[in-house]
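Got the model open in your viewer? Here's a stop-by-stop tour, with something to select each time.

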Amino acid sequence: MNKEQFTAQVLDAEKSLYHIARSYLNNEEDCADAMQNAILHAFEKLHTLRNEMYFRTWLTRILINECKQIIRSRKEQISYEDYYDDVRAVTEQEDYSEVFEAVMGLEKNYRAPFILFYVEGFSMKEICQILKLSQSTVKMRLYRGRKLLKAKLEEVYGYAKQ
Amino acid sequence: MQNNEWNEAFPEVPEHVHQVVLSTLAGLDDGKVKKVRKMKKGKMIILAAAMVAVLGMTVSASEIFKWNQKAGEVFGADDEQQTALVMGDIAREEYQTISDNGLTIRSIQTIQDNNCFYALFEITAEDESVRITPDCSMDFLTDRQEEDNLFSMLSWGFVDESRQAVSNSRYFEMIGTKMNPGKEDLDLIIQFTSLNAPGEKAMEGEELLKGNWEFALNLHAAEPVCYELNREYQIAGCPVTVNRVELTPISIKLVCDGEDARQLEEMEGISLEQADSLRALFVNGIRYQDGTVMEEMGYQELEAGYSEGNYTKTARLSSVIDVEKVSALLVGDNMDEISIR
């Protein structure tokens, strides 16, 4: 893959990368940092990508590592719990859709699998590779996340969106 | 919900995050990786009554750095110049779209440096029977009342019919200058408030559509290339010391000795205190190192005046110039040469 192809693939995945970064990080500046670091890291390690078909999965994995790195650096100042509470607080201040707010209100363990599967359309196998989790764990988190989201949306709409 | 419906319920990539991605990609170098400077977060204003959609780029790599065709025409920039200016953060694609009361305004492109900016919008009425002609106007406010004015608007309006046929959609251009030119990126807040039909006088047209369309455009202050000259040149037959020339692809700053400029003023029989212009220092052309001359036809003075013993003139260029290849400025009616090499 040359630089042009890399650039095109990154731009094609940009929205997806932002959504995934947003599921981990509580502000846009951090998302921009994580995305920038992931792009640079991926370009540097491009020679290690064996099959270009898996570029998006591979890049998403790198992005999540960068997100976790940022959270670790923030952890020195605040706890994980406070950081994720901030996600909700920030989300509530912006003019986002109720669906987005409801997803962002999920516990962090349920949020990423949910976004990867339902929003970004990754397969179960890809999510397992990205999150380094077993299929049964991903399935369980999706099931619980769906259930929690249904309850949240029922509060908002009075019924669950299918 | 289907996957695409979930995706639609999620926010688009914010413009400043998109700019970070573009800058990062532009800074990639084969074999090397360098961390690029990130943009400041722009003030993204989302009105309750309006829908803001920041569209993501899904174009192929060869089209990534291409400008909007209209903006390319305005500045006469070829593909190579367009790419260079996007990579230099002087030209930016904007993808903010706001719809309100049957009118959609989309910011398309900004081109800017430390002195001035150009912004291109596309304004479309949902009702196809609404004809937006070049004589229509837009009412708009800039900056915020509680803040100092950061910008001064020089010209604005819909593009003429020679550049776009009349329909329910039309490009709207805006050219302005920064009140305090400097190195800081600035957020240009533009709040459109109405589309007006042509009137007999400016500002008198009937209000066609009223609404609230507010944009926050982050303008990067691209740094100029500076030439400390402190050399004497013959300009309009007078010896004039030019202390410094600053060039960007879209503007020029010329700093001359104040006393020498006074001589030119006397010779032309004008008074700069009376807002006259010193023709002898109009930059009417550029000479490139290969001898090619680019005549500057659409020169627009941004600022001129005396300060600290110098006479300083800042001007916007109508066409993009290749700063690295400029060998001389050609000034005045006689195209007197100010060599910068």
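Two strands count as paired here if DSSP finds at least two bridges between them. Keep in mind as you click around that this is a predicted model.

**Stop 1: a pair of strands.** Select residues 238–247 of chain B, which is β11, together with β10(B): the two pair in the antiparallel sense over 9 bridges. Now pick B:Q234 and look across to β11(B), where B:P239 stands opposite.

**Stop 2: the rest of that sheet.** Widen the selection to 5 strands of chain B, in the order β10-β11-β12-β16-β15, and you have an open sheet with antiparallel pairing. Which strands stand at its edges? They are β10 (225–235) and β15 (300–307) of chain B, each with a single partner strand, so one side of each is left without a neighbour in the sheet. On average, neighbouring strands in this sheet are turned by 20° against each other, direction ignored.

Next, add residues 258–268 of chain B, helix α5. This helix lies across β10, β11, β12 (251–257), β15 and β16 (310–316) of chain B, and it runs at about 120° to β11(B).

**Stop 3: the four-stranded sheet.** Clear that and show β14, β13, β17 and β18 of chain B, which form an open sheet of 4 strands in that order, again with antiparallel pairing. At the edges are β14 (293–295) and β18 (336–339) of chain B, and each pairs on one side only. Here the average turn between neighbouring strands is 25°, direction ignored.

Zoom in on B:G285 for a look both ways. Its bridge partner in β17(B) is B:L330, while in β14(B) B:E295 stands opposite B:G285. As for the strands themselves, β13 (residues 283–288) and β17 (residues 326–331) of chain B pair in the antiparallel sense over 5 bridges, and β13(B) pairs with β14(B), also antiparallel, over 3 bridges. Follow the chain round the hairpin of β13(B) and β14(B): it has 4 residues between the strands, and B:G291 takes a positive phi near 95°.

**Stop 4: the core.** In soluble globular proteins, nonpolar side chains tend to be buried together. To see where that leads in this model, select B:I111, B:I123, B:C256 and B:L329, the residues with the most contacts inside the largest nonpolar core, which has 69 residues. The most generous contributor is strand β4 (residues 116–125) of chain B, with 8 residues. The core draws at least three residues from each of domain 1 (12–26 + 39–219) and domain 2 (225–339) of chain B.

What is B:I111 in contact with, leaving aside its neighbours within four places in sequence? Highlight B:A71, B:F75, B:I90, B:A91, B:F117, B:Y118 and B:I250 to see.

Apart from the 69-residue core lies another one, of 53 residues. Among them are A:A13, A:L17, A:I39 and A:F122.

**Last stop: zoom out.** Show chain B whole, with its 5 helices and 18 strands. Of its 341 residues, 37% count as buried. Taking contacts in chain B with a separation of 6 or more, 62% are between residues 24 or more positions apart.

Notes
Residues are numbered from 1 along each chain as its sequence is written. Chains are lettered from A and ligands numbered from 1 in the order in which they are written. This is a predicted model: local features need pLDDT of at least 70, side-chain atom pairs count only at pLDDT 80 or more; totals for chains, interfaces and linings use all residues. Axes are lines fitted to C-alpha atoms, for helices over the stretch in contact, and angles run from 0 to 180 degrees between N-to-C directions. Two residues are in contact if their C-beta atoms, placed from the backbone, lie within 7 Å. A residue is buried if 20 or more other C-beta atoms lie within 10 Å of its own, exposed if 12 or fewer, and partly exposed in between; C-beta atoms are placed from the backbone. A nonpolar core is a set of buried Ala, Val, Leu, Ile, Met, Phe, Trp, Tyr and Cys residues joined through C-beta atoms within 7 Å. Domain bounds come from an automatic or database domain assignment.
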